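Visitor: I am new to this structure and should be grateful for a close look at a single part of it. Please begin at one place in a loop, and then set that place in its wider surroundings.

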Amino acid sequence: MDYIGEHLLPGKLGHFFSILSFAASFVATIAYFKATTGKTPEEENSWKRLARAAFAIDIVSVFSVFAVILYIVSNHLFEYNYAWEHSGRSMSMKYLLSCIWEAQEGSFLLWTMWHCVLGTILIFTSKKWEAPVMTVISGAQLCLATMIMGLYFFGGKVGINAFLLVREKFAEGPMFSRPDYLTLPQMQDGQGLNALLQNYWMTIHPPVLFLGFASTIVPFAFAIAGLWKKQFGDWTRKALPWTLFSCCILGTGIMMGAAWAYESLSFAGYWAWDPVENASLVPWLILVAGLHTQVVYNATGHSLRATYLFLLLGFLFILYATFLTRSGILGDTSVHAFVDSGMNLQLILFVVVFLVPAAWLFISRYRKIPHIAKEEATDSREFWMFIGALVLFLSSMFIIITTSLPVLNDIFGKKWSAGEDREFAYNRIEVFIAILLGIFTAITQYLKYKNTKKADLLKKIALPTAIALVLSILTSIFGEIHYDKYGAGFLAAIHLAVFAAIYAFVANADYIRTGLHGKLKAAGGSVAHLGFGLLLLGILISSSRKTVLSYNTTGINLNFDPGAKENPMENITLLKSVKTDMGKYWATYIDDDSVDTRTKMMFFHVKFHKKDDGETFDLYPNWIRSTKGQESISANPDKHHYWNRDIFTYISASNTMDQREDTAQFRNYPVAIGDTIYYSRGFMVLDKVALNPNDSKHHFSSTDTALMAEVRVYAKDSTRYTATPLFYLKDNIPHFVADTVFAQDLAIRFNRVFKDKIELGVKESSAMIPFVALKVYEFPHINLVWFGFLVMMTGFVMSIYRRYKLAA
Amino acid sequence: MKKLHIVILVLIAASIAVLVSFMGSLSTYETIASAKQKAGKTVTITAKMDNSLPVDYDPIKNPNYCSFHIADTLGNTVRAVYHGEKPRDMEKAERITFTGKMQGDVFEIAPNGIMLKCPSKYKDDPNAAKKNLTQNQ
């Protein structure tokens, strides 16, 4: 059948380029391999020329694939599944980019694009290491090319074809029997990007994270090259800036994800030990361990074997993370994992293809890797740096093993699941890791390589130790850290960790002054460690002192809930314009407002009034109704920032959520003054009717025609309310202003006037009451987390610059 | 033996101890039927909401009490109680994991014991896309 209106050329072109990139990276891998194993310089050079040409073609193809996808998406060619499933007509450029890397194919593409950039830099800078290093990178390009190739071999699918047509993907759809299916309404627009992802973080977080992912291959490739060429220790100085770069960017990518989660998602925190978060943290921890042993080796000749192990594992765990997050295996344990896309075997092979040669090279040449037989002195810097690296590594192993429970279940046929309290299962271990790392970070800089003069050490370290002790004792006493949810033992550990974090900060700050005499050029490490101390302190304080402000203690209409005692009551309900007691604050739900009809954003205006000092502030948490087809709602928080804390709130329920029909009807009663109307929960009496009321609520003058009924409501529980429904004429048209008694689910309307009576309409309905249920948290010193992290990254950048200068 | 080796051994021994204790704190995946037999013990059930029975959540009365029925793939249903807000879109999810324990006839869900997929990930689900495609025909 000939379909009408399809644009098939871009897809053919794109698919051609994705196959070309596969072929080119295949040639590049072989040619670089031959260049590495070449016997003569001429042979090496001729292979290298071919390899470079092939890699250049790969670069052109990869960027062409991206350009074609961008063309398809930005021209709204909805016959392509990519455009139909991920984009929409109303999306701006930055979200068109976001929707490209929302998809599995797109994120793989992002990864290979960064490999192209890094590969180009390495071709120009790595000199004698070019051939072996680029063999590894071209090999990775080859694997990634298969992920977006979308070819069928022997009945098995290899990769996802990014240029699949909608009618190919859903071939059984009856609509595709029509040649003009593109004119059907559902083909006029795409599914669009989930409103939750229409956020600037979605534009920047994936590219940075994938640059981090991509960059881990560089230290890995250098390590492979060292083993392969049997030049075991020659590459470590050259590769050190790359290891630093990788730690820096991967760390930034992870932290951007954390900031996104905190800023605009309703996870109520920046880290939840979700398996997908862990999967990216683990390679980072291992690489940081490798970074330290690499520095040790460069300075002393110790720890080369450990350096190999860590740098190799860093990248291998990136591959493993790719398998975990994309295979669907985390489906039941992570909120972020992709669902199964039928590529599991391919994803496993991606790990195996790199694991087997790396393990074989490492094990078979392990004994040949030079090491120093003489033991490190226990007061030497290298000894404690190694132990610190080991602690980092072991903690990463703990995290990855526990994260891999679903994998272990599959292998061993078990049914384990994380216990009731996942976060605490990690926190109770990691708090001790934090204590160890904080103290190591503080002291180790003061030790010298080889050995340290005891008297010297004590003299230098006495002052920062004393300062840190004083500061942390003050923090412990006045810092209001009373996190006793898990008992005194855990609380004590938190206090110890606070000391360790402060110690790390103070000692490194002082080391810049005394040890380096204020020379900032060489202070990258100290600055990074100082930032680490702040980050740790921020994490400890903001988590242990995170408080729920919205505890539903005072309770309006608090039902009897037998489980409520042991369960946190984190939601509080605010009825519209009813000032509600919320612990330290009064909270009032003012109104809501839909601003953006496209994304259907709805803002809720909530006013907070602090009881003790009378300070008021307004927050506007909002709801986004998702794009078409998915009538889901996502809550976006709003925050009030202070320098030392955030007040954070998001909406968990509202009457606007269900948009349920109000089926209750007004029942009409003709009444005279003094008459009684009964309703289900009490009765009401018409007290009087006032002409042209002029009070705080209404301002009518004698020239108007307005009547206000005053109705006194007597509820069964003997509470009394007054309702004042209004009836007035404007331009000879009657207007009604009904009044409501929310607490009694009542609405009362002034319908009309008879000779000696008036007619009142009474409605009983719970659906009419505008309300929001929300959670309000306080995060003290959350800014320390972000600030500490930025300082740490500044330290990384300083170190990259310095190590690059030293290596050059 | 080198001092470093001793330290390494100690750290590894500590890690194993940590792992063992972690394994001890794990719960298991159960069906509704097997969870009923392990009353009082924390378990994880993979199920979805039984939409044929009403959800009891009235935030005006109590925003921290939500009661509904869940059904597993074996066709068993049980009433579940969660002491928090009703998670959005719970009705639509095909697979939800609930962590909690059976108490009497009721499955008491632990705080944060409901795990729903982040909505951004529904889209990769081919069934969801198919539904959207045939929706407006």
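Guide: The place to begin is A:K450, which sits in the loop of chain A that joins α16 (422-444) to α17 (454-478). The model shown is a predicted one, and the description that follows should be read in that light. The backbone at A:K450 has a positive phi of about 70°, although the residue is not a glycine. Most residues other than glycine have a negative phi. As for its surroundings, A:K450 has a relative accessibility of 48%, so it counts as partly exposed.

A second lysine in chain A invites the same kind of inspection. A:K230 is also not a glycine, and its phi is positive, at about 55°. This residue belongs to the loop between α9 (217-228) and α10 of chain A. Its relative accessibility is 44%, and A:K230 is therefore classed as partly exposed.

From that loop one may pass into the helix that follows. Helix α10 of chain A covers residues 236-264, and A:T236 is found in it. With a relative accessible area of 1%, A:T236 is under the 20% limit and is therefore buried. Apart from its neighbours within four places in sequence, A:T236 touches A:Q294, A:Y297, A:N298 and A:L304.

A further loop residue, A:H699, offers another case. It is placed between β16 (682-691) and β17 (705-715) of chain A. Here the relative accessible area is 61%, which is over the 50% limit, so A:H699 is exposed. Once neighbours within four places in sequence are set aside, A:H699 is in contact with A:P693 and A:N694.

Helix pairs of chain A come next. Helix α4 (residues 93-102) and helix α8 (residues 200-215) have axes that come within 9 Å and cross at roughly 50°. An angle of this kind falls in none of the ranges for parallel, antiparallel or perpendicular, and α4(A) and α8(A) are therefore oblique to each other. The crossing of α4(A) past α8(A) is left-handed. On the side of α4(A), the residues that meet the partner helix are A:K94, A:Y95, A:S98, A:W101 and A:E102; on the side of α8(A), they are A:Y200, A:M202, A:T203, A:P206 and A:P207. Sorted by class, this contact contains six nonpolar, two polar and two charged residues.

Another pair is formed by helix α5 (residues 104-125) and helix α6 (residues 130-147) of chain A, whose axes come within 10 Å and cross at roughly 165°. Because angles over 145 degrees count as roughly antiparallel, that description applies to α5(A) and α6(A). The crossing of α5(A) past α6(A) is left-handed. From α5(A), the residues in this contact are A:F108, A:W111, A:T112, A:H115, A:C116, A:G119, A:L122 and A:I123. These meet A:E130, A:V133, A:M134, A:I137, A:A140, A:Q141, A:L144 and A:M147 of α6(A). By class, the contact is made up of eleven nonpolar, four polar and one charged residues.

These details may now be set within chain A as a whole. The chain holds 21 helices and 24 strands. Along the principal axes, its C-alpha atoms fill a box of roughly 115 × 85 × 55 Å. Chain A has 808 residues, of which 59% are buried. Taking contacts in chain A between residues at least 6 apart in sequence, 70% link residues at least 24 apart. The accessible surface of this chain is about 34,000 Å², and carbon and sulfur atoms account for 62% of that area.

Chain B completes the view. It contains three helices and six strands, which follow one another from the N terminus in the order α-β-α-β-β-β-β-β-α. Chain B has 137 residues, and 51% of them are buried. Of the contacts in chain B between residues at least 6 apart in sequence, 47% link residues at least 24 apart. Chain B exposes about 6,400 Å², with 57% of this supplied by carbon and sulfur atoms.

Conventions. Residues numbered from 1 in each chain as written. Chains lettered and ligands numbered in written order. Predicted model: local features only at pLDDT ≥ 70, side-chain atom pairs only at ≥ 80, totals over all residues. Heavy atoms only, no water. Helix = DSSP H or I, 4+ residues; strand = E, 2+ residues; numbered from the N terminus. Buried < 20%, exposed > 50% of the residue type's maximum accessible area, 1.4 Å probe, protein only. Contact = heavy atoms within 4.5 Å. Areas by Shrake-Rupley, 256 points an atom, 1.4 Å probe, with all protein chains shown as cover. Axes fitted to C-alpha atoms, helices over the stretch in contact; angles between N-to-C directions. Parallel < 35°, antiparallel > 145°, perpendicular 65-115°, else oblique. Left-handed = near helix turned anticlockwise from the far one by under 90°. Nonpolar A, V, L, I, M, F, W, Y, C, P; charged D, E, K, R; others polar.
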